[in-house]
Amino acid sequence: RLAALPGEAALVRGGALRARLQSDAPGTGLAAALAVPSTAIVNGTDDAASLVAAGKPIRIARGGATPPMKQDDKPRLPSHLKCGVTSKVHSGSSKDERCPDECPFFAQNRNDEDFCTFVCVTEPECKSMNPHTPIGDSKLGVCRSCVVAGCKACDVSVTEDRCAECQAGYKLGSDGMCHFRLGGSWAGVVDNVLMILGGVLVVVLAVVLIWVIDLNIRPNSNPTGMEYGLTEREDKKLRQKKDDDGERKLWPLTTNLMRTQVAGPGMMLHFNFQVFLMVWGFFIAAAWMFFCQFVDEDLWRLGTRKFGTPRDNCILVAWGYETQRELMWTKVAFLWIAYIGSVLMCVAYGVYQLREFQEADYKHKTMKDFVAMVVGLPAIPGTQPVEVDLKAKIESCTGQRVVGVSVAWDYQEYEEVIAKALEDDLDAADPPPDPQEPPQMNPVRKAFYNLERNLLGLPSPVPEVTSDCETERDPVATVLTQMHTSPRAFAVFETQEAMEAAVERVEGEGGFEFAGAEGVVLERLTAEPDTVQWVNFGHSSPKEKAIRLLVGFGVIGLACLFWAVVFYAPYAYYVMTFNYENGRQPGFIVGFAFSMIVVVGNAIMYEVCARVSDWVGFRFRDNREACYMILYTIACMFNVFLDFVTTYVTQETILSALGFRTYFGKPLADVASFTEMFETYGIEWLPTLFLPWYLGRLIVRSHPEVRGVAAEEWMAMIPMDMGRYADILLNVILGILIFYFPGGYTWSLFLGMAGSHLFIYFYDYYKVLRQIPHCDYVAYDIEWWSQAMFAPIIGIMASCLLFKMNCDEGYFCVKGTWSIVMCCAAWAAHTYIHIWVLRNIVPRFGKSHLKNPELEVAFWHCAQHIPSSWFTANPVHCLRSKYIFKHSPPCDYCHDGKESLMRENPEIGCHFKHRAKQFRMELSARSP
């Protein structure tokens, strides 16, 4: 069982609450799980004295003749201790008791065969009791060893802090101190290299500082570009549907994001998820606080008391062992309540989310309600009028009128050409401001100016002249005829009822034939046009995606290895070599460094997992976000596992070196197996909101050549993703892991978790309404996978419940490796049953028979209010409308923030028309 009780519980890092398994010192946190120094009695009864004589461990019944020491008890004065008389401490001994003035130092008696025995001595006598503690410390009142950073072996021939042998990486000085130095026999060379690198680093930092200052004091030489960029930034924010005046206004800050769809039902479910986690956190905290208040007040302190001198540690751990053994039933009862409550809350939450999603889907008519995905098309060249032929074929097979067909083309190899063509069309429709000459600059500023232009890829101040030969090379029309169709297309019907009828008829007939391909079918779709990743339709078969995902796991593993070696290893080395004797702890810098290491690790995992999810090639953004959430959670769990292993090894090594024993006197170094060892005993707003906007603002205003699309890109907002799901899931995992340890921090940990997520909720609330570009999350996939991830997480709680019940009074007792097998089996069984319930039971409580109040609403009515349709969101479809079919006006591509440029053409399914664009001059001074 977990016996020693101090334990550090939590650390808020980067906007997320992390349960920190590594303590600042042995005897706390994981050290509590490793070390249980045994204890006995100083002032015991006659029975206790007889046990001391027999060399047996003593258990003091809490509330008996010798009550346990409370943290707020006053010292027992005057001291009854006598010089030279060995006494044995127990859970009721006072940590504040001091030796007589004539022999003021407690020395651990290593001359007998007992343990936790101490004697009051003078400083010259310290070494005779324990040869490793020759120094008398008047402040602590104990005999101790030297306190020298980086020391491996103290100089025991003196009574001052001097080292005899330093650890690797340190050199012993004439003053007896250890000085950090790398390289061994090459130390001189290493020192010179470090000095050079340090000098280079100082120079680089000085140059960066000068650059930042210069960038901030430059005059605004590009007011037109600034105005353009800020205007486009404002136009891209999430907006409501057109009002009666034809304007799309911002959502008010009073919008209830738990009930209102501002970015699809997926965003609404996301905010419900955050609220659910806050409620769950309060529930766990309240359950533990109930036991603390009404069962035993010692539950508030279990795991929170700090370690100190060897005598203090013996008292502390004895109190902890006896207290926890007596109150183990409360931990088991709490875990039953937490486990059953969490399972019921998860199931109820799953039902609620499903019903909310279904109700929102039925109440709101969107583009997905008019479309059916055509599956099974052959590869048809762009020279053929595929859209026209497929539209006619579907109409003849279904008897329903089709508004149009939007084909998903295989154009990965032409992606840059397509993007450049759309950008040219945009510049033609909305010409950027005329370029301006750069202002006169001093040599230093000019050097920075040119460096920025080259490193950041800024446009040239002089417009590039394109020759006729370059203009004719690879024209858009030629590229459009060279590409082929993918196996999928999207057929848009006039009404939802017509779409449903068409799908049912094709299903009943077993598909239809088109262009030589048999078995072409229509499928219902739960996606919106702006969630489609059109470029991924050509090379995204299940086999290709599986191979990329497998390679992606390898890339994530390499990123984790890089983080572990470059960032985590130096920290781990420091904490493993720190001198923890007599309660010493690393300072604030070490804790802050750990937080920064964690932030760096999360940032690396964030970027790598995002790129892997993009590279896999999902056709719809919701699927990409679900993949990203799972990958990010798994990657961050590697960081947690590394923390756990490092902490375990560190604390085991330190506590063994400090002579800790089990409650029954067995030295920790003699505990052979892991099972015996264990059974015995956030900053996000700055980098994501302010810095990108501020840096882009400085660059645009000082570079007149940055205009049009370039200014827009530098002033753009960071898109929203569903990474918050992974952050929250990681916090839940870390919170549940603390159940394995003494529970004094449980209430503050989970209250802190709920409170921090309240802050995150309002942060995301403002971010969504004012600081992200347009996005749409419409599928239920992300939400379902987040609930599925809860299955193994709650399974950890089931595993912990069996762990705490094991060998407790009135329960079963499984020892050794089989105890690990038992806990793992409980985890696996819960995971399976939980997911089975999500798949088979929760859907039975959904709203499957709701009537859509807008069932008869036509596509044209919906398209008048929603700019992104199945035609305007497809880049190749828009270019074919212009270059192949020669529509007038053609189908304009829907650029976020540029909806006012879109032209109406009902003949080809384009019904959106925005009021004239109005520039807002006051935006140049507006904050993000």
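**Exercise 1.** In this predicted model, determine how the lining residues of the largest pocket divide into nonpolar, polar and charged, and which elements supply them.

*Solution.*
1. Sorting the lining by residue class gives 23 nonpolar, six polar and 14 charged residues.
2. The lining comprises 43 residues, around a pocket volume of about 1,600 Å³.
3. Two or more lining residues come from each of α9 (415–429), α15 (588–616), α16 (621–657) and α19 (708–714).
4. Helix α9 makes the largest contribution, with six residues.
5. Nearest the centre of the pocket lie Asp530, Arg621, Pro719, Tyr893 and Asp896.

**Exercise 2.** Compare the reach of helix α13 with its expected value, and find which of its residues are buried.

*Solution.*
1. Helix α13 covers residues 496–509, 14 in number.
2. From first C-alpha to last it reaches 20 Å, close to the 20 Å expected at 1.5 Å a residue.
3. Taking buried as under 20% relative accessible area, the buried residues of α13 are Gln496, Ala498, Met499, Ala502, Val503 and Val506.
4. Viewed down the axis of α13, these buried residues fall within an arc of 160°, so they line one face of the helix.
5. The general rule behind such a pattern is that an α-helix has 3.6 residues a turn, so residues three or four places apart point the same way.

**Exercise 3.** Identify what covers the buried residues of α13, and state which phi Gly510 takes just after the helix.

*Solution.*
1. The cover includes the strands β12 (371–375), β14 (484–493), β15 (512–514) and β16 (517–524).
2. Helix α8 (386–398) is also part of the cover.
3. Just after α13, Gly510 has a positive phi of about 75°.

Key
Residues are numbered from 1 along each chain as its sequence is written. This is a predicted model: local features need pLDDT of at least 70, side-chain atom pairs count only at pLDDT 80 or more; totals for chains, interfaces and linings use all residues. Side-chain values use heavy atoms; hydrogens and water are left out. Helices (H or I, at least four residues) and strands (E, at least two) are DSSP runs, numbered from the N terminus. The expected span of a helix is 1.5 Å times one less than its number of residues. Buried means under 20% relative accessible area, exposed over 50%, partly exposed in between (1.4 Å probe, protein chains only). The arc is that of the directions from the helix axis to the C-beta atoms. Contact means heavy atoms within 4.5 Å. On a 1 Å grid over the protein atoms alone, a cavity is a set of points where a 1.4 Å probe fits but cannot get out, and a pocket is an open set with protein on both sides within 12 Å along at least five of seven lines; lining residues have an atom within 4 Å of a point. Grid points are joined across faces, edges and corners, and a volume is the space filled by probe spheres set on the points. Ala, Val, Leu, Ile, Met, Phe, Trp, Tyr, Cys and Pro count as nonpolar, Asp, Glu, Lys and Arg as charged, and the others, Gly among them, as polar.
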